[in-house]
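Colleague: Before I use this model at the bench, I would like the terms justified one by one. Please set each value against its definition.

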Amino acid sequence: MRAMVQISYGPPEVIVPQEIAKPAPGNKEILIRIQAAKVGPSDCAFRKGDPLMIKLIYGLSRPKFAIGGSELAGEVEAVGKEVKHFKAGDRVLGMSIKNFGAYAEYKCLSEESPLAVIPDNIAFEEAVGVCDGGATALTFLRDMAKLRKGQKVLINGASGAVGIYAVQLAKYYGAEVTGVCSAGNEGLVRKAGADFIIDYTQEDFTKADKAFDVVFDAVGKRSFSACKRVLTNKGIYLTTVPKLSIILQMMWTSLFKGKRAVFATAGLMQNKANLAFLMELVRNGTLNAVIDRRYPLELLPDAHKYVETERKKGNVIIKF
C-alpha cells in the first residue's frame with residue numbers, strides 16, 4: 001500500500017512516499033481503507049518534534065511511529081473474528097491516538113478505539129474535518145470548562161480548525177460568543193454563530209472592557225497572565241498548547257477558588273461516545289464542517305507547509 005513515511009524530525013520534506021506492506025486485522029481489530037485524513041498544527045508539531053515533550057514521549061532522535069496522522073475516515077474492508085460492532089462495508093470515523101498511521105491507504109484499529117459510524121448524509125472529508133477540531137473543542141468547552149447557558153465565551157483563533165468548531169459548540173450550549181480573528185474571516189466566524197467579533201489586527205482582546213467566563217485560546221498565542229484581566233472572578237482560561245508554564249499555572253490555580261488556567265491532552269480523552277455525538281450534530285445540521293483546502297496523499301508535505309502559514313480557515317484535508 002501507499003504511505004507517507006517520516007524519516008526524521010524536521011521540515012515537511014522529511015515526509016516521503018513509500019510502498020509498505022498492507023496490514024491485516026487482528027482478532028479484535030478492523031481494517032479500514034482510508035478515504036480522508038487531516039493535517040493540523042499538532043501534526044506539524046509531531047513532524048518537527050517541537051515542543052521537546054514530543055521527542056521525550058515519541059522518540060528522541062527520530063519518530064517512534066513513522067506514519068503520522070491521527071484522525072481518519074474510511075470504509076471497513078475486513079474485521080477480525082472477535083469483532084462484534086463493525087462489519088465490512090461500514091463507513092467509519094476513527095482516531096489513532098497512540099500510534100498514528102492515518103497517512104496510509106490502510107489502517108488497522110482496535111474495535112475499542114474511538115470509532116463511530118458515519119451517517120449516510122456526511123462525506124468522509126466532512127467527518128474527519130469535524131473530528132479534527134470538533135473533538136478538541138468539545139473536550140475543552142464541555143468537559144473542562146463545564147460550559148453553561150448564558151455564559152460569556154471568548155475564542156481566540158476562531159477561524160481555525162479548533163476555533164471554528166468551538167464557536168459552533170459554544171452556541172449549541174447556549175453561550176454568548178466573542179470570536180477573535182482577522183477582518184477577512186469575520187463573515188466565516190459570524191456564520192458559525194459568533195455574536196461579536198474582535199479583529200486582532202486592530203484590537204488586543206486582553207485589553208477589552210468586558211469580562212468573560214471562559215477564554216479559550218484555541219491557537220495557543222496568548223498566556224494565562226495576559227488573559228487574566230478579562231476573566232470573571234471565577235473565569236477559566238483554556239489553551240491547546242502544552243507548555244511547561246501552563247502546566248505549572250494549572251497546578252497553582254487549582255489550589256484556589258479564583259481564576260483558573262486549564263490544559264488537557266484532548267486527544268487522549270476521546271472515545272466512541274464523543275465521535276458519535278459529533279456525527280449526530282452534523283447529521284442534524286447543528287454542526288457544519290469547514291474545509292479550507294484538500295490535498296492528495298502524495299502532496300502531504302505541501303499540506304504541512306500551508307498549515308504552517310497559520311492562514312488556514314477550518315480544516316486542511318488529505319483526500320485519498
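The exchange below takes up the cysteines, two helices and the cavity.

Modeller: This is a predicted model, in which local features need pLDDT of at least 70 and side-chain atom pairs count only at pLDDT 80 or more, while totals for chains, interfaces and linings use all residues. Residues are numbered from 1 along each chain as its sequence is written, and side-chain values use heavy atoms, with hydrogens and water left out.

Colleague: How do you know that Cys108 is not bonded to Cys131?

Modeller: A disulfide is a pair of cysteine sulfur atoms within 2.5 Å. The closest cysteine sulfur to that of Cys108 is in Cys131, 18 Å away, which is too far for a bond. Cys227 is in no disulfide either, with the nearest cysteine sulfur, in Cys181, 16 Å away. The structure holds 0 disulfides.

Colleague: Why is Cys227 called buried?

Modeller: Buried means under 20% relative accessible area, exposed over 50% and partly exposed in between, with a 1.4 Å probe and protein chains only. Cys227 has 0% relative accessibility, so it counts as buried. Cys108 is buried as well, at 12%.

Colleague: What makes the span of helix H3 agree with its number of residues?

Modeller: Helices (H or I, at least four residues) and strands (E, at least two) are DSSP runs, numbered from the N terminus. The expected span is 1.5 Å times one less than the number of residues. For the 21 residues of H3 (residues 124–144) that gives 30 Å, and the end C-alpha atoms are 28 Å apart, which agrees. H3 does have a kink of about 35 degrees, centred on Gly134; the bend is the angle between axes fitted to the seven residues ending at a residue and the seven starting there. In H3, 17 of the 21 residues are buried.

Colleague: Why is helix H4 called largely enclosed?

Modeller: In H4 (residues 163–172), 8 of the 10 residues are buried, so the rest of the structure largely encloses it. Among them are Ile164, Tyr165 and Leu169. After H4 comes Gly174, with a positive phi near 90 degrees.

Colleague: What lines the largest cavity?

Modeller: A cavity is a set of points, on a 1 Å grid over the protein atoms alone, where a 1.4 Å probe fits but cannot get out; lining residues have an atom within 4 Å of a point. The lining has 20 residues, with Gln6, Asp43, Phe46, Arg47 and Gly68 nearest the centre. Elements giving two or more residues to this lining are strand E1 (2–6) and helices H1 (41–48), H2 (52–58) and H9 (300–307).

Technical notes: On a 1 Å grid over the protein atoms alone, a cavity is a set of points where a 1.4 Å probe fits but cannot get out, and a pocket is an open set with protein on both sides within 12 Å along at least five of seven lines; lining residues have an atom within 4 Å of a point.
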